[in-house]
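Visitor: I am new to this structure and would be grateful for a guided reading. Where should one begin?

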Amino acid sequence: MRIGLGHDTHRFEEGPARRPLILGGVEVPYHRSLAGHSDADVLFHALTDALLGALGEGDIGDLFPDTAEENRGRNSADFLRYAAGQVGNRGWRIENVDVIIFAQAPKLGPYKEQIKKKIAEHLGLPPGSVGVKAKTGERVGFIGREEAISAEAVVLLENDPK
Ligand code: MG
């Protein structure tokens, strides 16, 4: 078995939203957006890093640099699907994943089911193998002050001899 851990943070842009707020591949209606070179999907970035970590690889920035023009505004599902592909290529399969989104706002409770389904779809997992939790910052720290959204992810891989 292999375990992988991922974390990411994206700060909110100043002023009104310049683009949709995408979390776990789901567009969440909000009047502010996250800064980032790609689509700034902080949750998919953390999950991608967890998969890469389980494979003993580096991080998402090594594979998809934020200096590369082809990654500008890019759909982060591309990164996630690439990492999931690498898992299969190397003889592993994903047993389960568990993620936490840290956001004071917007309220994510109504979107957790959609995010869970989206992750399950991209990784080819039953929804029961995907945990999605959302926590606020209790109004303290950079999450609580609504300066940023963070995400953490863990994955478990099992050997999949074909
Ligand atoms: Mg990121």
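Guide: Let us begin with a definition: two strands are said to pair if DSSP finds at least two bridges between them. This is a predicted model. In it, β4 and β6 satisfy that definition with 10 bridges, in the antiparallel sense. One of the positions to inspect is Asn96, whose bridge partner in β6 is Leu156.

Visitor: In which sense do β1 and β6 run, and how many bridges join them?

Guide: β1 and β6 run antiparallel, and 10 bridges join the two strands. Within this pairing, Gly6 has Ala153 of β6 as its bridge partner.

Visitor: In which sense do β4 and β5 pair?

Guide: Strand β4, residues 92-102, pairs with β5 in the parallel sense, over six bridges. Here Ile101 is matched with Ala134, its bridge partner in β5.

Visitor: What is the order of the strands in the sheet?

Guide: The order is β1-β6-β4-β5, in an open sheet of four strands with mixed pairing. The edge strands, which pair on one side only, are β1 (2-11) and β5 (130-135). On average, neighbouring strands of this sheet are turned by 15 degrees against each other, with direction ignored.

Visitor: How should one think about the side chains of a strand?

Guide: In a regular strand, side chains alternate between the two faces of the sheet. For a case to examine, take Arg11, which is placed in strand β1. Arg11 counts as exposed because its relative accessibility is 52%, and the cut-off for that word is over 50%.

Visitor: Which residues does Arg11 touch, not counting those up to four places away in sequence?

Guide: Arg11 touches Ser33, Leu34, Ala35, Glu147 and Ala148. One may also compare sequence with space: Arg11 and Glu146 are separated by 135 residues in sequence, while their C-alpha atoms are 8.7 Å apart.

Visitor: Which strands does helix α1 lie across?

Guide: Helix α1, residues 42-54, lies across β1, β4 and β6 (148-159), and runs at about 150 degrees to β1.

Visitor: How does one describe the packing of α1 against another helix?

Guide: One reads the angle between the axes, their separation and the handedness of the crossing. α1 packs with helix α3 (residues 77-89) at an angle of about 15 degrees, and the axes are 9 Å apart. Angles under 35 degrees count as roughly parallel, and α1 and α3 are therefore roughly parallel to each other. Their crossing is left-handed. The residues that meet there include Phe44, His45 and Leu47 in α1, and Ala77, Phe79 and Leu80 in α3.

Visitor: At what angle do α1 and α4 pack, and how far apart are their axes?

Guide: For α1 and helix α4 (residues 112-123), the angle is about 40 degrees and the axes are 13 Å apart. α1 is therefore oblique to α4. The crossing of these two helices is right-handed. In α1, the residues Leu43, Phe44, Leu47 and Leu51 meet Ile115, Lys118, Ile119, His122 and Leu123 in α4.

Visitor: Which residues coordinate the magnesium ion?

Guide: In reading a metal site, one identifies the donor atoms and then places them along the chain. The magnesium ion is coordinated by Asp8 through OD, His10 through NE2 and His45 through ND1, at 2.1 to 2.2 Å. Along the chain, the donors follow the spacing D-x1-H-x34-H. Because His10 lies in strand β1 and His45 in helix α1, the pair ties together parts that are 35 residues apart in sequence.

Visitor: Are His10 and His45 buried or exposed?

Guide: Both His10 and His45 are buried.

Visitor: What should one look for in the backbone?

Guide: Most residues other than glycine have a negative phi, and most peptide bonds are trans. Here a cis peptide bond joins Ala105 and Pro106, with omega at about -5 degrees. Pro106 lies in the loop between β4 and α4.

Visitor: Where is Glu138 placed, and is Glu138 buried or exposed?

Guide: Glu138 is placed in the loop between β5 and α5 (141-144). Glu138 has a positive phi of about 50 degrees although it is not a glycine, and at 65% relative accessibility it counts as exposed. Arg139 is also placed in the loop between β5 and α5. Its phi is positive, about 65 degrees, although Arg139 is not a glycine. Arg139 counts as exposed, at 56% relative accessibility.

Note on methods:
Residues are numbered from 1 along each chain as its sequence is written. This is a predicted model: local features need pLDDT of at least 70, side-chain atom pairs count only at pLDDT 80 or more; totals for chains, interfaces and linings use all residues. Side-chain values use heavy atoms; hydrogens and water are left out. Axes are lines fitted to C-alpha atoms, for helices over the stretch in contact, and angles run from 0 to 180 degrees between N-to-C directions. Contact means heavy atoms within 4.5 Å. Donors are N, O and S atoms within 2.8 Å of the metal (3.2 Å for Na, K and Ca); water is not among the atoms, so sites may look incomplete. Buried means under 20% relative accessible area, exposed over 50%, partly exposed in between (1.4 Å probe, protein chains only). Angles under 35 degrees count as roughly parallel, over 145 as roughly antiparallel, 65 to 115 as roughly perpendicular and the rest as oblique. A crossing is left-handed if the near helix is turned anticlockwise from the far one by less than a right angle, and right-handed if clockwise.
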